[in-house]
Amino acid sequence: MTDPLMYMLKDPEGDFNFANFRAMCSVVFKDDDIRKDEWRIREIFDLFDLDKDGVLKEGELTRFGEWTRKLSMPKTAFLIVDVQNDFIDGTLSLRTCEAKQDGADVVEPINNLLKNGSFNKIIYSLDWHPENHISFYENLHLRELCPNSKMKREDAKLFDTVIFADPYLEQILWPKHCVMNTWGAELHKDLVIAPGSIQIRKGQNPDMEAYSVFFDNNFKGSMELHAMLKKEGVDYVFVCGLAYDICVKATCLDGLRLGYAIAVVDDCCCGVAESNTEETKKLILENGGLITNSDDVIAMTNEGKKSLVLAHKIAKSMTLIENSAELER
């Protein structure tokens with residue numbers, strides 16, 4: 001892989017204009033990616049050209065150099081979301097849901113990535129609920145509904161949505177699943193557990209749902225993952241698991257909001273409803289994420305392939321972080 005910094009060294013004065021940058025991109029990124037997303041190249045350059053004079057110099061080049069470092073030597077994490085017994089063979093098996101997908105189908109491609117991909121950090125998340133969790137249909141009688149809940153207690157059925165009064169929470173009523181310390185909450189027996197990996201348990205607060213691995217559904221708790229990724233200096237997060245249109249979706253959107261370059265490994269995910277899964281992909285793309293596959297992940301982590309979508313996200317995140325730091329000063 002050609003080092004992007006070589007293009008900066010062509011000009012002894014250190015000036016680096018858009019033509020230089022465009023030439024660099026033609027080497028770094030695939031032609032198909034450039035044809036599809038040419039506008040990203042212009043926007044990345046403009047993010048670093050702070051004085052808008054068409055040339056990167058001095059401090060602008062320093063920031064640009066940090067961006068190229070992140071591209072050349074990326075810190076990556078592989079996040080495997082909720083590949084647990086209850087979502088595969090248990091009380092909330094995806095085979096019984098609208099899309100009729102088999103959650104077990106993700107195990108083999110995930111194992112392939114664990115064995116053949118190269119990641120700085122490997123993380124497994126687990127739904128880990130107490131018996132009295134707010135999301136369980138069986139516990140509906142334990143809490144008061146809000147007066148503005150369209151679905152009343154006496155009419156509610158599995159998979160209906162209600163609004164609880166305290167805490168105020170719009171909640172899908174799921175069958176009891178992934179109860180802590182039970183077989184249903186265990187990771188699937190065939191899933192490889194990588195040495196040195198981390199496991200994060202979510203949904204332990206009985207009064208709050210937690211789809212995302214980053215936050216509870218009220219965006220107040222569960223910051224363990226974010227703190228861990230920041231400590232490790234991770235920029236790129238490859239996400240997969242169950243269910244595509246619920247917990248994978250929430251995790252990806254939260255990760256993008258936090259500034260990570262997020263890539264969903266499409267062939268390592270299964271969803272609840274096909275229409276919701278397609279909407280999930282659309283939302284991830286609209287928010288700057290990448291929809292990819294196992295082969296491309298191996299090419300990115302092992303062979304130096306670069307994604308223009310992820311590179312664009314990194315440039316935008318760097319700008320946001322620096323602007324925030326400037327405001328704090």
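This is a short talk on the domains, pockets, helix packing and unusual backbone spots of one chain.

Keep in mind that the model is predicted.

Let's begin with the domains. The domain assignment gives domain 1, residues 16-72, and domain 2, residues 76-128 + 183-303. Domain 2 is written as two stretches of the chain, 76-128 and 183-303. How far apart are the C-alpha centres of domain 1 and domain 2? They lie 31 Å apart.

Now the pockets. Rolling a probe the size of a water molecule over the atoms shows where empty space is left. The largest pocket has a volume of about 600 Å³. It is lined by 28 residues. Find its centre on your screen. The residues closest to that centre are Ile172, Tyr211, Asp245, Ile246 and Lys249. Which elements give two or more residues to this lining? They are strand E6 (169-172), helix H8 (244-257) and helix H9 (274-286). H8 gives the largest share, with 7 residues. What about residue class? The lining has 13 nonpolar residues, 9 charged ones and 6 polar ones.

On to the second largest pocket. Its volume is about 300 Å³. Its lining has 18 residues. Nearest its centre are Asp33, Lys36, Leu290, Ile291 and Val309. Four elements to look for here: helix H2 (31-36), strand E10 (290-292), helix H10 (294-302) and helix H11 (308-328). Each of them supplies at least two lining residues. Which one gives the most? That is E10, with 3 residues. By class, the lining of this second pocket divides into 8 charged, 6 nonpolar and 4 polar residues. Here is the link back to the domains. Domain 1 and domain 2 each provide at least three residues of this lining.

Next, helix packing. Two packed helices are described by the angle between their axes and the distance between the axes. Take H1 and H3. H1 covers residues 18-28, and H3 covers residues 38-48. Their axes are 10 Å apart, and the angle is about 130°. So H1 is oblique to H3. The crossing of H1 and H3 is right-handed.

Now a second pair, H6 and H10. H6 runs over residues 107-116. We met H10 a moment ago, in the lining of the second largest pocket. The axes of H6 and H10 come within 10 Å and cross at roughly 15°. H6 is therefore roughly parallel to H10. What is the hand of the crossing where H6 passes H10, left or right? It is right-handed.

Last topic: the backbone. Two peptide bonds deserve a look. One joins Asp166 and Pro167. This bond is cis, with omega about 5°. Pro167 sits in the loop between strand E5 (161-164) and E6. E6 is also one of the elements lining the largest pocket.

The other bond runs from Leu242 to Ala243. It is cis too, and its omega is near -15°. Where is Ala243? You will find Ala243 in the loop between strand E8 (236-242) and H8. H8, remember, gives the largest share of the lining of the largest pocket.

One more residue, Cys178. Its phi is near 50°. That is a positive value in a residue other than glycine. Cys178 belongs to the loop between E6 and strand E7 (198-202).

To recap the pockets: the largest is about 600 Å³, and the second largest is about 300 Å³. The second draws on domain 1 and domain 2 for its lining. Thank you.

Technical notes
Residues are numbered from 1 along each chain as its sequence is written. This is a predicted model: local features need pLDDT of at least 70, side-chain atom pairs count only at pLDDT 80 or more; totals for chains, interfaces and linings use all residues. Side-chain values use heavy atoms; hydrogens and water are left out. On a 1 Å grid over the protein atoms alone, a cavity is a set of points where a 1.4 Å probe fits but cannot get out, and a pocket is an open set with protein on both sides within 12 Å along at least five of seven lines; lining residues have an atom within 4 Å of a point. Grid points are joined across faces, edges and corners, and a volume is the space filled by probe spheres set on the points. Ala, Val, Leu, Ile, Met, Phe, Trp, Tyr, Cys and Pro count as nonpolar, Asp, Glu, Lys and Arg as charged, and the others, Gly among them, as polar. Domain bounds come from an automatic or database domain assignment. Axes are lines fitted to C-alpha atoms, for helices over the stretch in contact, and angles run from 0 to 180 degrees between N-to-C directions. Angles under 35 degrees count as roughly parallel, over 145 as roughly antiparallel, 65 to 115 as roughly perpendicular and the rest as oblique. A crossing is left-handed if the near helix is turned anticlockwise from the far one by less than a right angle, and right-handed if clockwise.
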